[in-house]
Amino acid sequence: MGGTPGTGSPTREAGGRVQPCAHNCILSVWILNPYPQQGAEVQQFVNLPQGEAYQGHSDEHEDRRGHRIRVRIILRQTIEEARQGNFRFQVRMVPGGSNALYTGQEKNRAHGHYLAQPDNEDWSDPLTISSGNSRVIEDHFSVTAAGGDMFTIQARCVEYRHVVSSIPIRVWRRIWVQEVKMTNVGAARDIIVFRNKFQNGHHLAIRQERAVTMTRMANIGDGRLEKEQFLRNTRRAYDGVRSRFRTRERYVVVIAYTDQLAVKQAGFTVIKDPVAAPGFNTSEAMGHFIDVPITDGTERYLWKGIDDAATDEERFQSWFVSAHFVTGSRRIAIPNSQQNCQPVPDPSFTPVRPDACKKVRVNVARLVPRDTTGRIELVVNVVNRFRGGISYGGGNLICVCTRSWWRSETQLAQNAVLIHEMGHKIGMVPDGNPSRTCDLEHTNALFPNQYRRRGHRGSHCCAGVGPPAAGGEYDGSEAPDCVMFGSSRQNVQDFCPHCTRAVNKVDLSDGWGLFSPSGWSLLQFF
């Protein structure tokens, strides 16, 4: 609806009749301080606060922040009605046809921000211009929080119904990212894929600051001391550049690149039964090796090459706990364990990774005086899981690993993890818990693929995969359609339609608090 933006040409009102305009009296509807523009659109960064105390960038004029829109109605000339103080006109805001729709519950959870479709689609009561040839409308218009929503503002003279439209206003959100990279790790050289995914697909503009470095740690698992050491290192590096953000800090997300994020399962017991052990005088007395798979129904890899180890003995002790041959009531320790318990590299790795081992070759020779049947009891430390990334609860920190399963993560894989963890940071995947930050009503119709657990941690989306068998867990062979699935796929970077709607609608005005260097709270992670 409306004529050519910014012109005085007549327009067709409801019913299709062209309204006459003897004066072409309204020249334009001008969005005040409209820069920056993208093409013929005004960008409105609704999550950023208005007010002089905010210190952002030069292209973030106060009028381009927040939900309020100021406009100036400009007459073609100072016409007689204006000189007499009785030129009357009306205004309204027209939403785009593809704008997000908010439910009643979502509107009630708006944190004081105006999230709903504006109620001023109808023409306002008549306003006047009492002097000069223009008037500023200060507090009449507000846009929604949904990235990508579009609005135009129209004005018409009451007498002739001549309609003039502004250029479109597009809703955007903006955040900053500060990368902190461990030294000597293969952190992503750029995050263009991550930035473009949110900017082009969800109208979330991301400004990337120059990266800083911190001390390398070989692994960050579930141990409290290593977690807190990592947080202190990250915070120390961030504090060195913290002053660059000043009043923008609550819109900053810190991205920390680590080496590994492996979780240890200590004291894992494996039994190989039955096993024939040769006696002292047999031909195999010097060496009779038995391969013992590390499994409890699910294959496990030894905790080998995860921690920094200076010597072969330290590397051996990182995964080995004990080994025994048990026959009847006798329990015989395997002597010279480092020589007689040899980890076997998994040949499925290409190239073969010497530390990726899921079986141990145990020598049971020279344990008993005569040929005997018994069992091997092996206790080892194994890898419970490798995390791809972490989104820390209660703060603005995201963590991305650069190496897992004894391989370096590609730049594309790290970008995919970043998209996933940023999704968590803005509240994905909504699960109906009103204490969470996502202003979204959860029903099965809105988020039919949302799930928890099933072998993953946190709230995720199984679009394209479906739920596993009753009581079961995902096994890593799935091909999901959504980047919010609970395990990373470097070629899956898109949000499904349900999650896309949520990412666009979420209100980011509150931002995030700064992560603590002394606390550890995991909200969501791969």
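**Close-ups of a predicted model**

**View 1. The hairpin of E8 and E9.** Strands E8 and E9 make a hairpin, with 5 residues sitting between them. In that turn, arginine 161 has a positive phi of about 60°. This is a predicted model, so take the views below in that spirit. The two strands, E8 and E9 (residues 163-165), run antiparallel and share 3 bridges. If you want one pair to zoom in on, pick glutamine 154, whose bridge partner in E9 is serine 165.

**View 2. Strand E8 and its other partners.** E9 isn't the end of the story for this strand. Strand E5 (residues 87-95) also pairs with E8 in the antiparallel sense, this time over 7 bridges. Valine 91 finds its bridge partner in E8 at alanine 155. Then there's strand E10 (residues 169-182), which pairs antiparallel with E8 over 2 bridges. Here phenylalanine 151 is the one to look for, with isoleucine 169 of E10 as its bridge partner.

**View 3. Both sides of E8, tucked away.** How many of the residues of strand E8 are buried? For E8 (residues 150-157) the count is 8 of the 8, so the strand is largely enclosed by the rest of the structure. Met150, Thr152, Gln154 and Arg156 point one way from E8. Phe151, Ile153, Ala155 and Cys157 point the other way, and every residue in these two sets is buried. Buried here means under 20% relative accessible area.

**View 4. An open sheet of 3 strands.** Next up is an open sheet with strand order E1-E4-E7 and antiparallel pairing. Strands E1 (26-31) and E7 (134-142) are the edges, each pairing on one side only. On average, neighbouring strands of this sheet are turned by 25° against each other, ignoring direction. Strand E4 (residues 68-75) pairs with E7 in the antiparallel sense, over 6 bridges. One pair to pick out is arginine 68 with its bridge partner in E7, serine 142.

**View 5. The buried face of helix H5.** Which residues of helix H5 are buried? In H5 (residues 312-319), they are Phe316, Ser318 and Trp319. Looking down the axis of H5, these buried residues fall within an arc of 155°, so they line one face of the helix. As for what covers the buried residues of H5, the list includes the strands E16 (320-327), E18 (341-345), E19 (357-363) and E20 (372-386). Helix H6 (337-340) is part of that cover too.

Notes. Residues numbered from 1 in each chain as written. Predicted model: local features only at pLDDT ≥ 70, side-chain atom pairs only at ≥ 80, totals over all residues. Heavy atoms only, no water. Pairing = 2+ DSSP bridges. Helix = DSSP H or I, 4+ residues; strand = E, 2+ residues; numbered from the N terminus. Axes fitted to C-alpha atoms, helices over the stretch in contact; angles between N-to-C directions. Buried < 20%, exposed > 50% of the residue type's maximum accessible area, 1.4 Å probe, protein only. Arc of directions from axis to C-beta. Contact = heavy atoms within 4.5 Å.
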